[in-house]
Amino acid sequence: MVASTFDLFKIGVGPSSSHTMGPMLAAALFVARLSDSGILQNVNRLETRLFGSLALTGKGHATDRAILLGLSGQRPDMIEPDAADRQVEDIRNSAKISLNGTHEIPFDEVRDVIFDQKKRLDFHSNAMRLSAFSGEEMIASRVYYSVGGGAILDEDQIGSNDPDAGLWDVPFPFCSGADLLEITERESLSIADIMRRNEQTGKKDPEISRDIRAIADAMSACIDRGIRSEGILPGGLKVKRRAPLIYSQLMERQERALSDPLTILDWVNLWALAVNEENAAGGKVVTAPTNGAAGIVPSVLRFYERFSPKADAAGVETFLLTAAAIGSLFKENASISGAEVGCQGEVGVACSMAAAGLTAAWGGTPLQVENAAEIGMEHNLGLTCDPVAGLVQVPCIERNAVGAVKAIEAARLAILGDGTHRVSLDEVIETMRKTGLDMSERYKETSQGGLAVNLVEC
């Protein structure tokens with residue numbers, strides 16, 4: 001199934017697409033379902049039980065905060081972070097919550113939001129069960145899975161036997177990189193053209209351009225907010241925001257920049273850090289394809305806009321459409337969830353997407369684009385997800401800067417060649433999937449291994 005550009009790139013809030021945006025949306029859908037079925041007014045207690053990675057790192061990823069907002073009827077794409085902070089504080093101070101914004105009940109967060117760290121549901125590590133009670137009787141219950149990038153599935157969707165359920169009827173379906181290359185050859189289309197033709201199934205062409213521009217503008221605004229915002233990131237690690245200081249240093253040495261050609265990479269590092277510091281603070285970001293990897297595509301896109309002589313609006317659209325096509329391949333054939341395959345599924349995929357997008361925007365051939373995407377992932381294989389204290393800060397913030405530079409290197413390597421290479425994108429995607437299956441659960445967003453453990457010991 002081909003994922004839409006607007007499924008891969010979604011405007012939401014930090015710090016995590018799978019641990020913040022997904023649970024918030026699940027909670028909102030559950031209370032909306034109660035309202036639609038006419039039983040919301042009978043509810044006097046609502047319990048949320050978190051399992052697997054959601055339970056193990058949910059506190060650090062603000063999952064509890066997200067659930068309170070979702071139960072109140074808030075959704076990630078509409079929420080304003082400052083207003084959300086006030087709403088959560090009101091819920092906690094009053095020990096009451098207004099379900100779906102209409103039905104107020106008592107709320108004891110310790111009793112009603114349970115982090116069950118000893119249990120993992122079979123389908124996916126990011127699982128949550130919401131249960132509504134009338135008196136002592138449970139009157140509704142539903143399991144949701146947050147599968148990455150802010151997307152969720154419920155228990156009915158998991159158990160569906162309908163092979164056509166949810167399929168997107170597009171003119172150019174593709175399931176692999178080989179499919180994409182075959183279509184480009186047969187139809188004389190670029191990868192971006194293929195994605196645009198598919199998007200035209202649901203939107204008119206001016207709407208596609210408008211919505212892509214909105215994504216690019218949201219990415220740019222996030223960079224600029226991150227550059228302006230100072231202070232210590234929340235969560236207890238006392239990580240200081242570095243973007244404002246780096247920006248000041250770069251502005252002061254502009255006159256000397258020509259003597260150091262690698263200054264351009266300092267700007268790329270700055271932009272990636274700015275986004276992920278903003279994400280760690282719970283700010284507004286764009287999943288690309290996740291929040292934990294949200295800095296790579298925006299920083300490489302700004303690199304294209306600022307440092308490519310022929311950069312233009314059409315190039316921005318080509319960049320994002322191409323990146324989305326590559327992201328779709330990973331989402332459908334492997335995973336973009338750190339809880340499922342480690343950080344190779346987040347930073348690795350974002351690096352691959354950005355490398356492909358940049359290569360396309362530079363005028364690369366489909367073969368060169370596929371090569372860039374393959375390089376971007378090949379050198380992120382096995383990347384673990386071991387966030388210290390369950391926070392999307394260490395090593396996540398710096399890892400985005402490194403991933404952005406890797407993406408640029410991958411694009412440059414691909415452009416220097418003719419597109420022929422030994423390892424295909426499909427082979428590297430399958431390798432990533434199998435590596436994720438082999439990876440210990442300790443390294444899949446549980447904070448039970450790797451840097452998350454050793455930093456504390458040191």
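How many residues does helix H18 have, and how far does the helix reach from its first C-alpha to its last? Helix H18 covers residues 396-416, which amounts to 21 residues, and reaches 30 Å between those two atoms. This span is close to the 30 Å expected at 1.5 Å a residue. The model is predicted, and the chain has an average pLDDT of 94.

**Helix H18 and its surroundings**

- The buried residues of H18 include several alanines, among them Ala401, Ala404, Ala407, Ala410, Ala411 and Ala414.
- Cys396, Ile397, Arg399, Asn400, Gly403 and Ile408 are also buried in this helix.
- The buried residues of H18 pack against four helices: H12 (263-280), H13 (296-307), H16 (347-361) and H17 (366-378).

**Cysteines and disulfides**

- A search of the whole structure finds 0 disulfides.
- Cys351 forms no such bond because the closest cysteine sulfur, in Cys343, lies 11 Å from its own sulfur, which is too far.
- Cys385 also has Cys343 as the residue with the closest cysteine sulfur, and the separation of 5.5 Å is too far for a bond; a disulfide requires the two sulfur atoms to be within 2.5 Å.
- Cys351 has 0% relative accessibility and therefore counts as buried.
- Cys385, at 9% relative accessibility, counts as buried too, since the limit for this class is under 20%.

**Confidence of the prediction**

- A pLDDT of at least 70 is reached by 96% of the residues.
- Over residues 162-167, pLDDT stays under 50.
- For residues 162-167, the model has 3 contacts beyond four places in sequence.

Terms used
Residues numbered from 1 in each chain as written. Predicted model: local features only at pLDDT ≥ 70, side-chain atom pairs only at ≥ 80, totals over all residues. Heavy atoms only, no water. Buried < 20%, exposed > 50% of the residue type's maximum accessible area, 1.4 Å probe, protein only. Expected span 1.5 Å × (residues − 1). Contact = heavy atoms within 4.5 Å. pLDDT = per-residue confidence, 0-100.
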